[in-house]
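Work through these exercises with the structure open beside you. Try each task before you read its solution.

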Amino acid sequence: MKPRISVITLGVDDLERSLHFYEKGLGLPTQGIVGREFEHGAVAFFDLQSGLKLALWKRKDIAHDTSMNQTAISPTEFTIGHNVGSKEEVDTVMKQAESAGAVIAVQAHDTFWGGYSGYFQDPDGHLWEVVWNPAWELTE
């Protein structure tokens, strides 16, 4: 397996609500919901950095596609890290997310390892960390 990830799919309960949060609230580019013509196919894709997409797909449809039982959610299963270039940018993104309807799980703060980060949850409880790491250079 090559070290390549091209799509991160988040299971959601309300596709329209989640589309609105990510498109209008966070400003992520998308063509909207596609695949409505298929019983379990409605999905929204968002272009992230080169070659990476974020997908939103209903939890019940993921359960159908994988033949797995849908289980209770836990926001601590994984986090999505959004690295930024400064402490100020962490604060800006956290405010943007909160204005879009996110729940602030942890206010932005200085970390024990010398960075600065905060956590928010999207409308389906997915946990995002907005973080500035002084040891990492960002390439746009």
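A polar contact is a pair of N or O atoms within 3.5 Å; within protein, one must be able to donate a hydrogen and the other to accept it, and residues adjacent in sequence count only if both atoms are side-chain atoms. Keep in mind that this is a predicted model.

**Exercise 1. A buried charge**

Task: Find where Asp-122 sits, and list what the side chain of Asp-122 reaches and what Asp-122 touches.

Solution.
- Step 1. Locate the residue. Asp-122 belongs to the loop that joins strand E7 (116–121) to strand E8 (127–132).
- Step 2. Look for a charged partner. Asp-122 is buried but makes no salt bridge. The nearest side chain of opposite charge is Arg-59, 6.4 Å away. A salt bridge needs the nitrogen and the carboxyl oxygen within 4 Å.
- Step 3. Look at the backbone instead. The side chain of Asp-122 reaches the backbone nitrogen of Asp-124 at 2.8 Å.
- Step 4. List the neighbours. Leaving out residues up to four places away in sequence, Asp-122 touches Leu-10, Phe-21, Tyr-22 and Trp-128.

**Exercise 2. A network of salt bridges**

Task: Which residues are joined into one network by salt bridges that share partners?

Solution.
- Step 1. Recall the principle. Side chains of opposite charge can pair when their charged atoms come close.
- Step 2. Get the total. The structure holds seven salt bridges.
- Step 3. Take one pair. Asp-13 and Arg-59 form a salt bridge, with N and O 3.1 Å apart. This pair links distant parts of the chain: Asp-13 is in the loop between E1 and H1, Arg-59 is in helix H2, and 46 residues separate them. Arg-59 is buried, at 13% relative accessible area.
- Step 4. Take another pair. Asp-124 forms a salt bridge with Arg-17, and the closest N and O atoms are 3.0 Å apart. Asp-124 lies in the loop between E7 and E8 and Arg-17 in helix H1, so this pair ties together parts that are 107 residues apart in sequence.
- Step 5. Check exposure. Asp-124 is buried, with a relative accessible area of 5%. Arg-17 is partly exposed, at 36%.
- Step 6. Take one more pair. Lys-87 and Asp-110 form a salt bridge, with the closest N and O atoms 2.9 Å apart. Lys-87 is in helix H3 (residues 87–99) and Asp-110 in strand E6 (residues 103–110), so the pair ties together parts 23 residues apart in sequence. Lys-87 is partly exposed at 31% relative accessibility, while Asp-110 is exposed at 51%.
- Step 7. Name the network. Salt bridges with shared partners join Asp-13, Arg-17, Arg-59 and Asp-124.

**Exercise 3. Two helices and their ends**

Task: Describe the buried residues of H1 and H2, then say what follows each helix.

Solution.
- Step 1. Start with H1 (residues 15–25). Leu-15, Ser-18, Leu-19, Phe-21, Tyr-22 and Gly-25 are buried there.
- Step 2. Check the N-terminal end. Asp-14 caps H1, with a side-chain oxygen 3.2 Å from the backbone nitrogen of Glu-16.
- Step 3. Check what comes after. Gly-27 follows H1 and has a positive phi, near 80°.
- Step 4. Move to H2. The buried residues of H2 are Arg-59, Asp-61 and Ala-63. They pack against E1 and strand E4 (53–58).
- Step 5. Find the residue after H2. Ser-67 follows H2. Ser-67 has a positive phi of about 55°, although it is not a glycine. The residue lies in the loop between helix H2 (59–66) and E5. Ser-67 counts as exposed, because its relative accessibility is 69%.

**Exercise 4. Inside and outside**

Task: Is Ile-80 buried or exposed, and which residues make the nonpolar surface patch of about 210 Å²?

Solution.
- Step 1. Place Ile-80. Ile-80 is in strand E5 (residues 79–84).
- Step 2. Read the accessibility. Ile-80 counts as buried, because its relative accessibility is 11%, and the cut-off for buried is under 20%.
- Step 3. List contacts. Beyond residues up to four places away in sequence, Ile-80 touches Leu-10, Leu-127, Trp-128 and Glu-129.
- Step 4. Turn to the surface. Val-7, Val-34 and Phe-45 make the patch. Val-7 is in strand E1 (residues 7–12). Val-7 is partly exposed, at 37% relative accessible area.

Terms used. Residues are numbered from 1 along each chain as its sequence is written. This is a predicted model: local features need pLDDT of at least 70, side-chain atom pairs count only at pLDDT 80 or more; totals for chains, interfaces and linings use all residues. Side-chain values use heavy atoms; hydrogens and water are left out. Helices (H or I, at least four residues) and strands (E, at least two) are DSSP runs, numbered from the N terminus. Buried means under 20% relative accessible area, exposed over 50%, partly exposed in between (1.4 Å probe, protein chains only). Lys and Arg count as positive and Asp and Glu as negative; His and the chain ends are not counted. Contact means heavy atoms within 4.5 Å. Patches are made of residues with over 30% relative accessible area and no salt bridge: like charges are joined within 9 Å, nonpolar side chains (Val, Leu, Ile, Met, Phe, Trp, Tyr) within 5 Å. Accessible areas come from the Shrake-Rupley method with a 1.4 Å probe; for residues, only the protein chains shown count as cover.
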